[in-house]
Amino acid sequence: MSATSPPAPRRGSQPNPATVLTAIGVCSVVIGGLVAAVTEPLDLAHGSWLAAYLVLVGGVTQCAMGQARIPGPEVIAPRGSWAQIGCWNVGNALVIGGTLTGEPLAVDFGSALLVIALAIAFRVARPGAGSATSSAAGGVSALVGHVHRTLLLVLAVSIPIGMALAHLRHP
């Protein structure tokens with residue numbers, strides 16, 4: 001390295017979107033477990049729903065979206081990455097808040113943000129987004145990618161169902 005070359009950028013100085021998605025997902029799973037533990041003793045009306053939502057939607061899904069970004073973080077601009085994180089987490093907060101307070105319009109707005117986050121995640125998970133180093137790894141990677149995209153579509157289909165349920169419970 002010459003005296004005139006700029007210093008190399010420090011890795012890890014800024015949070016990586018994949019790491020942030022995964023970390024928030026893990027925290028959601030832990031919080032969901034804690035909610036499940038106190039639901040009965042505290043007689044929480046929506047406690048079991050909240051625990052399941054935190055674990056499955058806020059936690060497991062977010063971890064999967066984070067892990068899907070690891071093979072090819074260059075596929076989408078960082079701004080899209082942060083938009084996905086923001087839409088997913090704000091959307092989840094609105095769905096949870098709207099459900100707990102009986103405000104279906106908050107659920108609708110949160111659901112719209114979740115759809116945006118899922119669209120970004122689906123774009124990142126599209127075929128060819130990552131590069132396989134061997135044909136065997138490519139086959140496994142392709143299968144995992146297909147399963148991931150299928151789960152994202154299942155989530156997208158479940159969103160209008162949840163919205164309808166919110167409106168049926170609180171017309």
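**Close-ups of a five-helix protein**

**Trp49 sits in helix H2****.** Helices here are DSSP runs of H or I with at least four residues, strands are runs of E with at least two, and both are numbered from the N terminus. What you're looking at is a predicted model, where local features need pLDDT of at least 70 and side-chain atom pairs count only at pLDDT 80 or more, while totals for chains, interfaces and linings use all residues. Residues are numbered from 1 along each chain as its sequence is written, and side-chain values use heavy atoms, with hydrogens and water left out. Trp49 is partly exposed because its relative accessible area is 28%, and the cut-offs are under 20% for buried, over 50% for exposed and in between for partly exposed (1.4 Å probe, protein chains only). Skip the residues up to four places away in sequence, and Trp49 touches Val95, Ile96 and Thr99; touching, or contact, means heavy atoms within 4.5 Å. Look for Leu100 too: 51 residues separate it from Trp49 in sequence, yet their C-alpha atoms are 9.9 Å apart in space.

**The whole protein is five helices and zero strands****.** Start at the N terminus and the elements read α-α-α-α-α. How much of the protein is buried? Of its 171 residues, 36% are. Take the contacts between residues at least 6 apart in sequence, and 73% of them join residues at least 24 apart. The protein exposes about 10,200 Å², with carbon and sulfur atoms supplying 71% of that; such areas come from the Shrake-Rupley method with a 1.4 Å probe, and for residues only the protein chains shown count as cover.

**The largest nonpolar core has 23 residues****.** A nonpolar core is a set of buried Ala, Val, Leu, Ile, Met, Phe, Trp, Tyr and Cys residues joined through side-chain atoms within 4.5 Å. Tyr53, Met65, Trp88, Leu114, Leu118 and Leu152 have the most contacts inside this core. Two or more core residues come from each of helix H1 (17–42), helix H2 (47–69), helix H3 (78–101), helix H4 (104–124) and H5. Which helix gives the largest share? That's H2, with six residues. Zoom in on Met65 and, leaving out residues up to four places away in sequence, you'll find it touching Leu21, Gln84, Trp88, Ala121, His148 and Leu152.

**Val157, Ile161, Leu165 and Leu168 make a nonpolar patch on the surface****.** The patch covers about 400 Å². Patches are built from residues with over 30% relative accessible area and no salt bridge, joining like charges within 9 Å and nonpolar side chains (Val, Leu, Ile, Met, Phe, Trp, Tyr) within 5 Å. A salt bridge is a side-chain nitrogen of Lys or Arg within 4 Å of a carboxyl oxygen of Asp or Glu. Val157 belongs to helix H5, residues 135–169. Buried or exposed? Val157 counts as exposed because its relative accessible area is 55%.

**A hunt for disulfides finds zero in the whole structure****.** Cys27 isn't in one: the nearest cysteine sulfur belongs to Cys63 and is 9.1 Å away, while a disulfide needs a pair of cysteine sulfur atoms within 2.5 Å. Cys27 has 46% relative accessible area, so it's partly exposed. Cys87 has 15%, so that one is buried.

**Thr22 and Ala36 are two stops along helix H1****.** Thr22 is buried because its relative accessibility is 18%. Apart from neighbours within four places in sequence, Thr22 is in contact with Gln62, Cys63, Gly66 and Gln67. Ala36 is partly exposed because its relative accessibility is 48%. From Ala36 to Leu54 it's 18 residues in sequence and 9.9 Å in space, C-alpha to C-alpha.

**Asp43 has a positive phi in the loop between H1 and H2****.** Most residues other than glycine have a negative phi. For Asp43 the angle is near 55 degrees. Asp43 also counts as exposed because its relative accessibility is 67%.

**Pro15 lies in the segment before H1****.** Pro15 is exposed because 54% is its relative accessible area. What does Pro15 touch? Not counting residues up to four places away in sequence, the answer is Val20 and Trp82.
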